[in-house]
Amino acid sequence: MALTNAERQARYRERRQAGESRLRYRRPADRRSRPQQWNDAVQTLLALQDQYREWRHALPESLAESATAELLEQVCDLDLSVLEAVDLPRGFGRDD
């Protein structure tokens, strides 16, 4: 059932008081190519691995044998250079 003009006006006033914007914006589309997205993701992983490595080295001696230290060591030991070396397909006949 359609709203009356009075109901529509009342809802409008409620939205205005609540500070809601009537406009809804779409999130911008990601225009990067898949290989660029891959490279960006790998760079993010490498940066995170460096941060975990710094965290591991900053742990106090009392936590050197803790579960946290072991997990940090596992993250630091991952060989992410394999991800950098991946030769990704370019698609649409451009792989030659």
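Here are a few questions and answers on a predicted model, covering one residue, one helix pair and one pocket.

Q: Why is V86 called partly exposed?
A: The relative accessible area of V86 is 36%. Buried means under 20% and exposed means over 50%, so V86, at 36%, lands in between and gets called partly exposed.

Q: Where is V86 found, and how far is its C-alpha atom from that of R34?
A: V86 is in the segment after helix 4 (81-84). Its C-alpha atom and that of R34 are separated by 13 Å, with the two residues 52 apart along the chain.

Q: How do you know that helix 2 and helix 3 meet, and which residues are involved?
A: Contact takes heavy atoms within 4.5 Å. On the helix 2 side there are Q49, Y52, R53, W55 and R56, and they meet T68, A69, L72, E73, V75 and C76 in helix 3. By class, the residues of this contact come out as six nonpolar, two polar and three charged.

Q: What is the geometry of the packing between helix 2 and helix 3?
A: Helix 2 (residues 34-58) and helix 3 (residues 67-77) pack at about 145°, and their axes are 9 Å apart. As for handedness, helix 2 passes helix 3 in a left-handed crossing.

Q: What makes up the lining of the largest pocket?
A: Ten residues line it, and R34, P35, P89, R90 and G91 lie nearest the centre. The lining splits into five nonpolar, two polar and three charged residues. Gly counts as polar, so G91 goes in the polar group. The volume of the largest pocket is about 190 Å³.

Key. Residues numbered from 1 in each chain as written. Predicted model: local features only at pLDDT ≥ 70, side-chain atom pairs only at ≥ 80, totals over all residues. Heavy atoms only, no water. 1 Å grid on protein atoms, 1.4 Å probe; cavity = no way out; pocket = protein on both sides within 12 Å on 5 of 7 lines; lining within 4 Å. Points joined across faces, edges and corners; volume = space filled by probe spheres on them. Axes fitted to C-alpha atoms, helices over the stretch in contact; angles between N-to-C directions. Helix = DSSP H or I, 4+ residues; strand = E, 2+ residues; numbered from the N terminus. Left-handed = near helix turned anticlockwise from the far one by under 90°. Buried < 20%, exposed > 50% of the residue type's maximum accessible area, 1.4 Å probe, protein only.
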